[in-house]
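I opened this notebook page to follow up on charged side-chain pairs and on one leucine. The entries below are in the order in which I looked things up.

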Amino acid sequence: MSRIGYGAAQLDRLHDRRDEAVALLRRAVELGVDHVDTAEFYGFGFANAVIREALRPEDDVLVVTKVGADPDPGGRLPLRIAQRPEQLRASVEDNLRSLGREHLAVVNLRRLDTGPGLRAEGDQVVDLDDQLALMTALRDEGKIGAIGLSSVTLDGLRRALPAGIVCVQNAYSLVSRDDEDMLRLCTAEDIAWVPFFPLGGAFPGLPKVTEEPAVRAAADSLGVTPSQVGLAWLLHHAPNVLLIPGTADAAHLEANMAVGEIAFDDATGAALDAVESRSSEVSIG
């Protein structure tokens, strides 16, 4: 599998230009993308609809979706938490329908144990074991193929390992490395580490990779952008890192795909490794 895939969340920026969204995803496949990250709550189903239209069986692209939240078009936020087992099952069915499939290859269970982002409250505080029981049942039924986790703690991952976890999606970047111990566990267990917010700065108050002097210096010396340096650092940092950068722009897509060719000399690598890590714990709601 290519180490650089595509995150479909930003496809919604092309909501009124569906043909452009389809063409962008086709271009991603041409550039070597063989795994796409999506969810029913990305654009209220728009991302899934574009994926359904753009991808062909012969493309052999792995589509990874997630459950744990549902679209909420009328809400203050564009999604609502959906953590209860019956909601997870309904979310799987929603993704199957919008993607036009009978089977989802990989489904990430998005917990709300760690930030940045929403936190579960009330009846949405659900025990991980109950959720995993539902996910394994769906796997046994053939609805899903493999289980991933998202926004999970180290303890949660350890508890989930017997269920057979194939990937972890947590917020992680050069400037927010809270989960270093979890990354090491994933490396040891041959679990893919798929960072979201890979350049930091997702919410106000969070540090941004592209503002770091060491990142800017590396970009200048290599003739690339600070964003490319931040993404390339992730690939160099651990062998099990898979990237899913998202964009609605074809030129930006090409720049993201070129990240795999960027190499750091020892001095540059050391300067980047020395960048201070700051917490990514910001809640919204």
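What follows are my notes on salt bridges, and then on the surroundings of a single residue.

**Entry 1, the overall count.** I note at the outset that this is a predicted model. I asked how many salt bridges the structure holds, and the count came to 17.

**Entry 2, Asp129 and Arg159.** I looked up this pair and found that the two side chains meet in a salt bridge, with 3.2 Å from N to O. Since Asp129 belongs to helix H4 (residues 128-140) and Arg159 to helix H5 (residues 154-160), the pair ties together parts that are 30 residues apart in sequence. I then checked accessibility: Asp129 is partly exposed at a relative accessible area of 42%, and Arg159 is partly exposed as well, at 36%.

**Entry 3, Asp181 and Arg184.** Here I found a salt bridge in which the closest N and O atoms are 2.3 Å apart. Both residues sit in helix H6 (residues 180-188), and because they are three residues apart there, about one helical turn separates them. For Asp181 I noted a relative accessible area of 46%, which makes this residue partly exposed.

**Entry 4, Glu212 and Arg278.** Where do the partners of this salt bridge lie along the chain? Their side chains meet at 2.8 Å, N to O. I located Glu212 in the loop between strand E9 (192-193) and helix H7 (213-222), and Arg278 in the segment after helix H10 (266-273), so the pair ties together parts that are 66 residues apart in sequence. Is Glu212 buried or exposed? I recorded Glu212 as buried, at 12% relative accessibility, whereas Arg278 counts as partly exposed at 27%.

**Entry 5, a network.** I also looked for salt bridges that join up, and I found Arg27, Glu30 and Glu254 linked in a network of them.

**Entry 6, Leu14.** Leaving the charged pairs, I turned to Leu14, which I placed in the loop between strand E1 (6-7) and helix H1 (18-30). With a relative accessible area of 3%, Leu14 is buried, the cut-off for that class being under 20%. Which residues is Leu14 in contact with, once its neighbours within four places in sequence are left aside? I listed Glu20, Ala21 and Leu24, together with Phe46 and Ala248. For one of these contacts, Leu24, I also looked up the spacing: Leu14 and Leu24 are ten residues apart in sequence, and their C-alpha atoms are 9.8 Å apart in space.

Methods:
Residues are numbered from 1 along each chain as its sequence is written. This is a predicted model: local features need pLDDT of at least 70, side-chain atom pairs count only at pLDDT 80 or more; totals for chains, interfaces and linings use all residues. Side-chain values use heavy atoms; hydrogens and water are left out. A salt bridge is a side-chain nitrogen of Lys or Arg within 4 Å of a carboxyl oxygen of Asp or Glu. Helices (H or I, at least four residues) and strands (E, at least two) are DSSP runs, numbered from the N terminus. Buried means under 20% relative accessible area, exposed over 50%, partly exposed in between (1.4 Å probe, protein chains only). Contact means heavy atoms within 4.5 Å.
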